[in-house]
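Reader: I have a new model open beside its sequence, and I would like to learn how to read its overall form. Could you walk me through it?

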Amino acid sequence: MTVTISLVLLFGVILALLVHHRKVAVGGALVAALFGFLLSSTDAGPDIQDSLQSVTDTLSDR
């Protein structure tokens, strides 16, 4: 059985856990989320997506 999860959901959960355990303040989490959102709309967005896709493909082959 294959379980897939969106990387956005995964990073959202990790960020929420960091805020919950007070490793990152709410303001810092908001800045991180906005930075990711804005970064995705730049020319670097597709390159980052391709890199993440190759990492996930490599991990799923194991």
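Author: Happy to! Keep in mind that this is a predicted model. Let's start with the surface: the protein exposes about 5500 Å², and carbon and sulfur atoms supply 68% of that area.

Reader: What share of the 62 residues is buried?

Author: Here "buried" means a relative accessible area under 20%. Buried residues make up 3% of the 62 in this protein.

Reader: How many helices and strands does the secondary structure come to?

Author: Three helices and zero strands. Following the sequence, you meet them in the pattern α-α-α.

Reader: And is the protein spread out or a compact globule?

Author: A handy approach is to set the radius of gyration beside what a globule rule gives for that chain length. In this case the radius is 14 Å, well over the 11 Å from the rule for 62 residues, so the protein is more spread out than a compact globule. The C-alpha trace spans about 35 × 35 × 15 Å along its principal axes.

Reader: Now to pockets. What volume does the largest pocket have, and which residues are closest to its centre?

Author: Its volume is about 670 Å³. The lining has 20 residues, and Val8, Phe11, Gly36, Phe37 and Leu52 are the closest to the centre. The elements that each give two or more residues to this lining are α1 (7–20), α2 (26–40) and α3 (44–60).

Reader: How do the lining residues divide into nonpolar, polar and charged?

Author: For the largest pocket, the lining has 14 nonpolar residues, six polar and no charged. Gly counts as polar in this scheme.

Notes. Residues numbered from 1 in each chain as written. Predicted model: local features only at pLDDT ≥ 70, side-chain atom pairs only at ≥ 80, totals over all residues. Heavy atoms only, no water. 1 Å grid on protein atoms, 1.4 Å probe; cavity = no way out; pocket = protein on both sides within 12 Å on 5 of 7 lines; lining within 4 Å. Points joined across faces, edges and corners; volume = space filled by probe spheres on them. Helix = DSSP H or I, 4+ residues; strand = E, 2+ residues; numbered from the N terminus. Rg over C-alpha atoms; globule rule 2.2 N^0.38 Å. Buried < 20%, exposed > 50% of the residue type's maximum accessible area, 1.4 Å probe, protein only. Areas by Shrake-Rupley, 256 points an atom, 1.4 Å probe, with all protein chains shown as cover.
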